[in-house]
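Here's a quick briefing to read with the model open beside you. Scroll through the sequence and structure first, then come back for the notes.

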Amino acid sequence: HGPEITEYGTYTIRYTAKDALGNQTTLSRSVFVFDETAPTLEVESLKNDYKVGEKVIIPSYQAKDDSGQYTVDVILIMPDYEARLLVHDVGGKKTIVHSNDFLYGDGFYAGDDAFYAIAKGKYRLRFVCYDASYNRTVVERTFTAK
């Protein structure tokens, strides 16, 4: 039997041998256990079509990681391919970025869970969930403003 690996990180394994006369020697080895498992991310659906100027509710999501720690960035790709960070969520503690009028201008923010579709065209809402080892899961929801 070897040591039980319960978490990601570095383990030091020490082997000690002793003979009948009490002479003893120890050999140490380090073992690195990497996290290669991506977090899980479930995102609610979104309707396909909106009117320009209509309020768009950011779909709710559930994120989990086997390490217990995750980050979710909710990014909006505008019709002109500008990327706007809407929400930065570290383990459930959310920073609402899209409320910053200096970054995105007046008239974009529609509450902590919403924004206005300010331009005509195709939008992509990209949810990027990653853990401390940068394993990631990405889910996209698209819609069109007409």
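**A charged trio and what surrounds it**

R126 and E140 meet through their side chains in a salt bridge, at 2.5 Å from N to O. That pair ties together distant parts of the chain, with R126 in strand 11 and E140 in strand 12, 14 residues apart. Keep in mind that this is a predicted model. The notes below go from the charges to the sheet, then to the core and one buried acid.

**Salt bridges**

- How many salt bridges does the structure hold? There are five.
- E140 also has R124 as a partner: their side chains form a salt bridge at 3.9 Å, N to O.
- R124 sits in strand 11 (residues 121-130) and E140 in strand 12, 16 residues apart, so this is another link between distant parts of the chain.
- Through shared partners, the salt bridges join R124, R126 and E140 into one network.
- Is this trio out in the open or tucked away? R126 is partly exposed, with a relative accessible area of 25%; R124 is partly exposed too, at 23%.
- E140 likewise counts as partly exposed, at 31% relative accessible area.
- K146 makes a salt bridge with D49, where the closest N and O atoms are 3.6 Å apart.
- The K146 and D49 pair also links distant parts of the chain: K146 lies in the segment after strand 12 (136-145), D49 lies in strand 4, and 97 residues separate them.
- K146 counts as exposed at 60% relative accessibility, whereas D49 is partly exposed, with a relative accessible area of 40%.
- As background, side chains of opposite charge can pair when their charged atoms come close.

**The sheet**

- Six strands make up an open sheet with mixed pairing, and their order is 4-12-11-7-8-9.
- Which strands are at the edges? They are strand 4 (49-50) and strand 9 (93-96), each of which pairs on one side only.
- Strand 7 (residues 71-77) runs antiparallel to strand 8 (residues 83-90), and seven bridges connect the two.
- Along that pairing, I77 has A83 in strand 8 as its bridge partner, and L76 has R84.
- Strands 7 and 8 form a hairpin with five residues between them, and Y81 in the turn has a positive phi of about 75°.
- Strand 8 goes on to pair with strand 9, again in the antiparallel sense, over four bridges.
- V90 is found opposite K93 in strand 9.
- The hairpin of strand 8 and strand 9 has two residues between the strands, with G91 in the turn showing a positive phi of about 60°.

**The nonpolar core**

- The largest nonpolar core has 27 residues.
- Which residues have the most contacts inside this core? They are V74, L76, L86, F115 and F143.
- At least two core residues come from each of strand 3 (40-43), strand 6, strand 7, strand 8, strand 11 and strand 12.
- Strand 11 gives the most to this core, with four residues.
- V74 makes a good spot to start looking: beyond its neighbours within four places in sequence, V74 is in contact with I58, Y61, R84, L85, L86, V87, L125, R126 and F127.
- R126, from the salt-bridge network, is thus listed among the contacts of V74 as well.
- In soluble globular proteins, nonpolar side chains tend to be buried together.

**A buried acid**

- D65 is located in the loop between strand 6 (61-64) and strand 7.
- Where is the nearest side chain of opposite charge to D65? That side chain belongs to K64 and is 12 Å away, and D65 is buried with no salt bridge.
- D65 does have a polar contact of 2.5 Å, side chain to side chain, with S67.
- Setting aside neighbours within four places in sequence, the residues in contact with D65 are D35, T37, A38, P39, Y70 and D131.

Methods. Residues numbered from 1 in each chain as written. Predicted model: local features only at pLDDT ≥ 70, side-chain atom pairs only at ≥ 80, totals over all residues. Heavy atoms only, no water. Pairing = 2+ DSSP bridges. Buried < 20%, exposed > 50% of the residue type's maximum accessible area, 1.4 Å probe, protein only. Lys, Arg positive; Asp, Glu negative; His and termini not counted. Salt bridge = Lys/Arg side-chain N within 4 Å of Asp/Glu carboxyl O. Polar contact = N/O pair within 3.5 Å; in protein donor to acceptor, adjacent residues only side chain to side chain. Contact = heavy atoms within 4.5 Å. Core = buried A, V, L, I, M, F, W, Y, C linked by side-chain atoms within 4.5 Å.
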